[in-house]
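Work through the two exercises below with the sequence and the model side by side, and try each task before reading its solution.

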Amino acid sequence: MIWDDQQNKCIGELKFRTEVKAVKLRRDRIVVVLETKVFVYRFRDLKLLDQITTVPNPKGLVSLCPEAKSNVLAIPGLQRGSIRIELYDVGKATLIKAHDAELAQFALNADGSRIASASEKGTLIRIWNCHTGEPLRELRRGVDRADIYCIAFNLASTYVACSSDKGTVHIFSLTAAPVPRRADGGGNFNAANETASLSGTDYAGSFSNKDYGLRDTSSVSSKVTATTARLSSDSTVSPLEAANAAASGASPMPPHPGDASNSNKSMTGMGINFLKGLLPTGFVPKYFESEWSFGQVRGIEGKSICAFSKDASKIHIISSDGHFIVANVEEGECTRLSTTLFHKRGDDRAQDGEDMSWATGK
């Protein structure tokens with residue numbers, strides 16, 4: 001049903017035989033997503049313009065470019081982990097094999113030239129060129145599996161953010177040069193990258209120090225791994241800072257909000273170079289090739305979605321437990337500017353717009 005709020009009446013209705021999973025709307029298009037079908041209608045007369053078959057899509061994944069001058073639609077393809085980009089303005093479709101696992105989320109940028117995607121593993125965010133299908137960069141949310149709830153670009157496509165069931169919104173910069181791919185192909189986008197972990201179980205094969213003429217480093221590696229795990233449990237310390245500190249024996253310092261450079265973190269420094277030196281080139285985990293978020297908003301409860309302000313200086317987060325959070329976009333732990341509770345669990349409800357900053361200490 002299409003409701004005109006100004007006229008306070010229903011102005012159109014579309015009926016389907018199966019459950020509607022999602023609906024996207026803009027001034028000239030209506031997109032309806034079913035389990036295995038996507039229908040595209042012209043808004044003014046509800047004329048059917050296109051219908052596309054997809055893989056089973058229980059989440060109703062779809063992304064419609066918001067700009068009227070860019071008629072771009074992204075939907076799941078016919079294979080697991082693939083995305084189909086419909087470029088209606090040029091009359092072509094781009095097929096992207098984005099992930100080996102099932103898709104969790106994807107989102108177009110404002111002009112429909114880029115798309116960001118994540119799989120059900122939830123460890124990586126990948127950025128693609130919508131016109132060529134070319135992979136542009138690979139961003140690491142973390143090493144543990146996570147359910148990605150939302151991916152969002154800012155208006156100028158200089159940042160991308162994601163939220164997940166880990167309770168943290170990660171913010172990545174898209175302006176700095178991406179981490180270069182290794183000559184041995186280690187930087188390629190594949191399933192191994194998504195399962196990478198610091199424990200070294202992300203790559204196939206085995207080797208011994210004797211086979212490669214290396215000294216026995218098992219005690220050193222164990223110490224580094226144990227120390228890294230302990231340090232990275234601190235929510236203000238990134239895994240790469242923990243690894244560097246573990247190898248050097250120093251204590252990592254959390255980033256200072258005033259030192260924002262807004263560039264993604266990469267696994268570099270004395271500690272990481274030390275760890276890489278212990279392993280033959282072909283066995284260096286993909287984990288070390290990743291770009292990490294430069295900013296984080298932590299402590300989000302429940303499912304959440306996020307969006308940038310127009311000038312990208314702030315990020316807005318809405319969670320299923322009724323909280324609306326506004327935070328600065330900055331390096332390290334992003335400063336919360338306000339936290340408002342619109343709805344309390346159960347029958348006890350807060351008044352609309354009631355400021356609950358006093359309850360959270362923000």
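A nonpolar core is here a set of buried Ala, Val, Leu, Ile, Met, Phe, Trp, Tyr and Cys residues joined through side-chain atoms within 4.5 Å, where buried means under 20% relative accessible area, exposed over 50% and partly exposed in between, with a 1.4 Å probe and protein chains only. The model is predicted, so local features need pLDDT of at least 70 and side-chain atom pairs count only at pLDDT 80 or more, while totals for chains, interfaces and linings use all residues. Residues are numbered from 1 along each chain as its sequence is written, and side-chain values use heavy atoms, leaving out hydrogens and water.

**Exercise 1.** Find which residues of the largest nonpolar core touch the most other members.

Step 1. Among the 18 residues of this core, those residues are Val169, Ile171, Val297, Cys306 and Ile315.

Step 2. Strands S15, S16, S17, S21, S22 and S23 are the elements that each give two or more residues to this core; strands are DSSP runs of E, at least two residues long, and helices are runs of H or I of at least four, numbered from the N terminus.

Step 3. Leaving aside residues up to four places away in sequence, Val169 has contacts (heavy atoms within 4.5 Å) that include Val297, Cys306 and Ile315.

**Exercise 2.** Determine which strands stand at the edges of the open sheet S7-S8-S9-S10.

Step 1. The four strands follow that order with antiparallel pairing, and pairing requires at least two DSSP bridges between two strands.

Step 2. S7 and S8 are joined by two bridges, and Ser63 has Ala74 in S8 as its bridge partner.

Step 3. S7 (63–64) and S10 (92–97) each have a single partner strand, so they are the edges, and one side of each lacks a neighbour in the sheet.
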